Amino acid sequence: MSTLTEELIESKTERPREEASAASPQTAAKTSGALSSTERPPRPAWVEIDLAQLGRNFQLIAADKPCEVRLLSVVKDEAYGHGALPTACVALECGAEFLALSTIEEAIALRDRGIKARILLLGDRQETELPWCVAHDLTCCVSEPQIASQLAQLAARAGKHVPVHVKINTGMNRYGVRWTEAAPLIEQILATKSLDLEGVLTHFAQSDETDKTFALLQLARFNEVLRELAERGVLVKLRHLCNSGGFLDLPQAHGDMVRLGILPLGVYPSSVCRRIPGIQPVMSVKARLAAIQQLQPGDTVGYGMRYTAPSSRRIAVLPMGYGDGFPRVRNAGSALVHGRRAPIIGGVAMDALILDITDIPEARLWDEAVLMGRQGGEEISVNEVAKLKGSVSYDVLTGWRARLPRIYLNEPAGK
């Protein structure tokens with residue numbers, strides 16, 4: 001890993017790397033020496049990001065894709081909860097040529113932290129954002145004539161030749177110019193000396209389901225635009241359609257570049273997508289047993305007394321809850337303790353949830369529990385947590401709150 005990458009990742013790590021195994025409070029208390037004002041005590045609940053696995057996932061994707069297809073790494077929303085800066089650094093070192101984000105604040109934050117790679121801003125920009133895009137060398141998706149005109153004026157004033165990507169709405173009906181109306185906008189951009197038509201893109205509404213009918217219709221509409229451009233003698237450098245689902249299941253839509261967000265993180269966009277052997281989740285969520293109680297028959301647990309002990313039970317408290325992003329469930333779900341499932345009992349509170357550890361007699365105070373990830377031969381997947389939440393994996397990954405420290409482990413293999 002390069003020195004710059006190490007510095008950037010270290011600056012985002014909540015604790016020193018040698019403490020990344022989340023030492024118990026007892027161990028931490030024995031540490032000698034004065035504490036600096038910038039140090040923070042280790043919280044007994046945290047998110048672990050395995051950078052070595054992230055690197056392996058990117059390498060497996062690179063080996064799977066055609067060599068001529070470029071890779072864009074989507075690191076929006078802090079890289080789906082994994083940390084935009086560390087994820088971007090690993091992606092770029094593994095061959096990604098572009099990064100993509102949704103907000104200008106996200107993009108400028110990466111620029112301020114030393115990221116000089118190409119950044120594509122997804123979605124539409126309002127006019128007040130455009131000067132910042134030009135100043136920070138951010139590539140915009142364009143779908144409105146007035147935005148193209150304003151961007152061209154700003155680029156000319158700055159003495160820059162600014163690349164743009166035209167977003168084509170092929171049926172998702174969110175952002176983009178309708179495929180039947182794209183030609184005038186593209187002609188406007190081509191006639192502008194300060195803008196460069198670098199890319200044309202669209203976005204699949206349903207690429208990760210078994211039925212690919214609508215995805216293929218979108219591909220046909222996109223190709224219709226490309227044919228029209230070719231007839232006018234216009235060659236576009238970058239044609240890109242595929243998200244993770246499209247990359248996996250629609251090789252005929254790979255174009256010149258694929259936009260991958262969730263797949264490099266080791267999570268598949270659906271249960272029916274093609275699998276790439278070796279890709280594994282990068283994120284784990286963990287906490288320590290902060291209290292242990294002995295229940296007698298008839299004792300109740302937590303707010304609303306949602307659980308009543310049917311017999312003598314041994315329970316443990318984890319110091320995290322829905323305030324950290326865990327689903328607010330009652331008597332549902334589990335955590336892994338000593339490689340075995342401990343059921344969640346009672347209602348999940350803002351800062352605490354309760355486990356029944358009766359069948360795990362070796363469990364002791366401050367032992368590690370896993371709420372998402374592997375321990376021993378067991379795993380709690382992001383999809384399992386999503387079912388508890390009544391949502392999808394994307395929501396779970398991005399939903400872990402910032403107050404959970406992100407601990408970055410390892411370095412990409414071979415670095």
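**Exercise 1. Determine how many cavities of 30 Å³ or more the model holds, and describe the largest cavity.**

*Solution.* On a 1 Å grid over the protein atoms alone, a cavity is a set of points where a 1.4 Å probe fits but cannot get out; points are joined across faces, edges and corners, and the volume is the space filled by probe spheres set on them. The count by this rule is four cavities of 30 Å³ or more. The model is predicted: local features need pLDDT of at least 70, side-chain atom pairs count only at pLDDT 80 or more, and totals for chains, interfaces and linings use all residues. Residues are numbered from 1 along each chain as its sequence is written, and side-chain values use heavy atoms, without hydrogens and water.

The largest cavity encloses about 50 Å³. Its lining residues (an atom within 4 Å of a point) include Lys167, Arg174, Thr202, His203 and Gln218. Strand 6 (residues 162-169; strands are DSSP runs of E, at least two residues, numbered from the N terminus) gives the most to this lining, with three residues.

**Exercise 2. Identify the buried residues of helix 6 and the elements that cover them.**

*Solution.* Helices are DSSP runs of H or I, at least four residues, and buried means under 20% relative accessible area with a 1.4 Å probe, protein chains only. In helix 6 (residues 104-112), Ile104, Glu106, Ala107, Ile108, Leu110 and Arg111 are buried. Their cover includes helix 4 (76-81), helix 5 (84-93), strand 3 (98-101), strand 4 (118-121) and helix 7 (130-135), in contact (heavy atoms within 4.5 Å). Just after helix 6, Gly114 adopts a positive phi of about 100°.

How values were computed:
On a 1 Å grid over the protein atoms alone, a cavity is a set of points where a 1.4 Å probe fits but cannot get out, and a pocket is an open set with protein on both sides within 12 Å along at least five of seven lines; lining residues have an atom within 4 Å of a point. Buried means under 20% relative accessible area, exposed over 50%, partly exposed in between (1.4 Å probe, protein chains only).
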